[in-house]
Amino acid sequence: MIKRSMVIADKISELIGTQKQISILDYGCATGLIGFELSDKYQKLILMDSEKEMLDVVKEKMEAFQVNNIIPILKDLTKENYNEEKFDVIYTSMALHHIVDTENMIQKFYDLLKENGILCVVELDKEDGSFRANEENFEGHNGFEHQVMQDLLKNVGFSEIKSETFFCGEKKAKEKVIPYSLFYTIGRK
C-alpha cells in the first residue's frame with residue numbers, strides 16, 4: 001500500500017502541478033498515506049475522512065513526523081456538507097467505489113471547488129468484484145469504466161476531462177493473488 005500511495009501521490013502531483021500555495025482537499029484520506037507523501041510539496045492539505053479511527057492515525061503521524069501543514073477533519077460528505085472553505089484542488093483515491101451515489105458526491109466536490117479548480121479522482125478500473133470479495137456487506141462499485149467516470153464529471157459541469165490507467169498491482173486475499181489496475185480522471189470546474 002505504501003508503494004501504491006507513493007505512485008498515486010506522484011501522479012496527483014504531476015496532474016495538479018507544483019504551485020505550492022494552492023488549497024487542497026484529500027477526501028477519504030484514510031490514514032493519510034497520500035497526503036503525507038504530498039505534504040512537503042504544498043503549503044496546506046486538508047485530509048478529510050468519515051472515520052475517526054483513520055484520523056486518529058493521521059494525527060499520530062503528524063506528531064511523529066512533525067508535520068504541521070496537514071489539517072485532519074472528520075466529515076462524511078455523503079451525509080453532511082462542508083461550508084468552511086473552497087479549494088483549488090480536490091483529490092480522492094480509492095474512496096468513490098465505496099459510495100453508492102457517486103454522482104451526488106462528485107456534485108459536492110464541484111461545489112467545494114473554486115472557479116477553475118481541479119478534481120482528480122483515482123479509482124479502480126472496472127473489475128469482476130474480486131478486489132472487495134472478502135469484505136462483508138460491501139455495497140459499493142466494482143471499480144469504474146473510464147467513460148462512466150468521465151460522464152459523471154461532465155454531468156455536473158466539469159470540463160477538460162481526461163482519464164488514463166496508470167498503475168497495475170496485485171492484492172493478496174486468502175492465498176489468492178488478485179490483479180487490479182488504477183486510473184485517474186481529472187476535470188476542471
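Modeller: A side-chain nitrogen of Lys or Arg within 4 Å of a carboxyl oxygen of Asp or Glu makes a salt bridge. The model is predicted, so local features need pLDDT of at least 70 and side-chain atom pairs pLDDT 80 or more, while totals for chains, interfaces and linings use all residues. Residues are numbered from 1 along each chain as its sequence is written, and side-chain values use heavy atoms, without hydrogens or water.

Biologist: How many salt bridges does a search of the whole structure find?

Modeller: The search finds eight. One of them joins glutamate 160 to arginine 188, with the closest N and O atoms 3.5 Å apart. Glutamate 160 belongs to strand E6 and arginine 188 to strand E7, so this pair ties together parts 28 residues apart in sequence. Helices (H or I, at least four residues) and strands (E, at least two) are DSSP runs numbered from the N terminus.

Biologist: Are glutamate 160 and arginine 188 buried or exposed?

Modeller: Relative accessible area decides: under 20% is buried, over 50% exposed, and in between partly exposed (1.4 Å probe, protein chains only). Glutamate 160 is exposed at 58%, and arginine 188 is partly exposed at 27%.

Biologist: Which residue forms a salt bridge with glutamate 14?

Modeller: Lysine 11 does, with 3.2 Å between the closest N and O atoms. The two residues are three places apart in helix H1, and are therefore separated by about one helical turn. Glutamate 14 counts as exposed, at 56% relative accessibility, whereas lysine 11 is buried at 13%. A further salt bridge joins the side chains of aspartate 10 and lysine 41 at 3.9 Å, N to O. This pair links distant parts of the chain, 31 residues apart: aspartate 10 lies in helix H1, and lysine 41 in the loop between helix H2 (33–38) and strand E2 (44–49). Aspartate 10 is partly exposed at 48%, as lysine 41 is at 31%.

Biologist: How should the sheet be read, and in what order do its strands stand?

Modeller: Two strands pair if DSSP finds at least two bridges between them. Here seven strands form an open sheet with mixed pairing, in the order E3-E2-E1-E4-E5-E7-E6. Strand E3 (70–74) and E6 stand at the edges with a single partner strand each, so one side of each lacks a neighbour in the sheet. Neighbouring strands are turned by 20° against each other on average, direction ignored; axes are lines fitted to C-alpha atoms (for helices over the stretch in contact), and angles run from 0 to 180 degrees between N-to-C directions.

Biologist: Which strands pair in the antiparallel sense with E7?

Modeller: Strand E5 (residues 113–124) pairs with E7 (residues 176–188) over seven bridges, with leucine 119 facing glycine 187 as its bridge partner. Strand E6 (residues 159–173) pairs with E7 over 12 bridges. In this second pairing, serine 159 stands opposite arginine 188, and lysine 172 has valine 177 as its bridge partner. The hairpin of E6 and E7 has two residues between the strands, and lysine 174 takes a positive phi near 50° there. By contrast, strand E1 (residues 23–27) and strand E4 (residues 87–93) run parallel, joined by four bridges; leucine 25 is partnered by isoleucine 90.

Biologist: Which strands does helix H4 touch?

Modeller: Contact means heavy atoms within 4.5 Å. Helix H4 (residues 102–112) packs on the sheet and touches E1, E4 and E5, its direction making about 145° with that of E5. Methionine 105 is placed in helix H4 and is buried, with a relative accessible area of 1%. Apart from residues up to four places away in sequence, methionine 105 touches Tyr27, Leu77, Thr78, Leu96 and Ile99. Helix H5 (residues 146–156) lies across E5, E6 and E7, at about 135° to E6.

Biologist: How is a buried charged residue such as arginine 4 to be read, and what is its nearest side chain of opposite charge?

Modeller: Lys and Arg count as positive, Asp and Glu as negative; His and the chain ends are not counted. Arginine 4, in helix H1 (residues 2–16), has no salt bridge, and the nearest side chain of opposite charge, glutamate 123, is 9.6 Å away. Its side chain does make a polar contact of 3.2 Å with that of tyrosine 180. A polar contact is a pair of N or O atoms within 3.5 Å; within protein, one must be able to donate a hydrogen and the other to accept it, and residues adjacent in sequence count only if both atoms are side-chain atoms.
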